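This briefing introduces the fold of one protein for a first-year reader. Please keep the sequence and the structure in view while reading.

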Amino acid sequence: MIDTDKYEGHAEGEWVIEMNDTGDECAIHAQDYGTIAQTFYRDSDKLFFATSRLIADAPLLLEEVKRWRKVYQYIHHLYSSNQKTVPLYELMELIEEEVIE
């Protein structure tokens with residue numbers, strides 16, 4: 001599993017991409033922090049833009065990992081407390097009520 005504790009204190013807020021005028025460089029900015037990363041065009045538009053978007057989405061991806069970890073831990077708790085025969089629809093309802101915000 002990914003140790004998400006090592007990301008504590010990262011730049012908060014939305015991260016946005018800003019491309020320079022020539023289109024060969026992107027800066028990723030964090031709200032209330034400024035530039036946190038830069039990407040440079042080499043020889044693939046797809047790689048360049050996908051990498052820039054991946055960096056910009058890092059805070060969203062981190063939150064998704066944390067959310068799914070809660071789901072996993074909740075299912076593990078149900079299983080370890082001998083509630084092994086919870087029907088799937090009930091499990092989904094329990095997860096929505098107990099885990100997903």
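Two strands are said to pair if DSSP finds at least two bridges between them. By that definition β1 and β2 are paired, because five bridges join them, in the antiparallel sense. The model described here is a predicted one. The protein contains three helices and three strands, and along the sequence these elements follow the pattern β-β-β-α-α-α.

**Overall dimensions**

- The radius of gyration of the protein is 19 Å, whereas the globule rule gives 13 Å for 101 residues; the protein is therefore more spread out than a compact globule.
- Measured out along the principal axes, the span of the C-alpha trace is about 60 × 30 × 20 Å.

**The sheet**

- The three strands make an open sheet in which the order is β1-β2-β3 and the pairing is antiparallel.
- The edges of the sheet are taken by β1 (15-19) and β3; each has a single partner strand, so one side of each is left without a neighbour in the sheet.
- From one strand to the next, the twist averages 25°.
- In general, the strands of a sheet pair through backbone hydrogen bonds, and this pairing is either parallel or antiparallel.

**Strand pairs and their turns**

- Where β1 meets β2, Trp15 has Ala30 of β2 as its bridge partner.
- The hairpin of β1 and β2 has five residues between the strands, and Gly23 in this hairpin takes a positive phi near 75°.
- Strand β2 (residues 25-30) runs antiparallel to strand β3 (residues 34-40), and six bridges join the two.
- Within this second pair, Ala27 has Gln38 in β3 as its bridge partner.
- The hairpin of β2 and β3 has three residues between the strands, and Asp32 in its turn has a positive phi of about 65°.

**The helix on the sheet**

- Strands β1 and β2, paired over five bridges, belong to the sheet on which helix α1 (residues 45-56) packs.
- Helix α1 touches β1, β2 and β3, and its direction makes about 150° with that of β1.

**The largest pocket**

- The largest pocket holds about 180 Å³ of space.
- Its lining consists of Ile2, Tyr7, His10, Trp15, Ala58, Pro59, Leu61, Leu62 and Val65.
- Helix α2 (residues 58-80) supplies five residues, the largest share of the lining of this pocket.
- By residue type, the lining of the largest pocket has eight nonpolar residues, one polar residue and no charged residues.
- Trp15 thus appears twice in this briefing: the residue lines the largest pocket, and its bridge partner in β2 is Ala30.

Conventions. Residues numbered from 1 in each chain as written. Predicted model: local features only at pLDDT ≥ 70, side-chain atom pairs only at ≥ 80, totals over all residues. Heavy atoms only, no water. 1 Å grid on protein atoms, 1.4 Å probe; cavity = no way out; pocket = protein on both sides within 12 Å on 5 of 7 lines; lining within 4 Å. Points joined across faces, edges and corners; volume = space filled by probe spheres on them. Helix = DSSP H or I, 4+ residues; strand = E, 2+ residues; numbered from the N terminus. Nonpolar A, V, L, I, M, F, W, Y, C, P; charged D, E, K, R; others polar. Axes fitted to C-alpha atoms, helices over the stretch in contact; angles between N-to-C directions. Contact = heavy atoms within 4.5 Å. Rg over C-alpha atoms; globule rule 2.2 N^0.38 Å.
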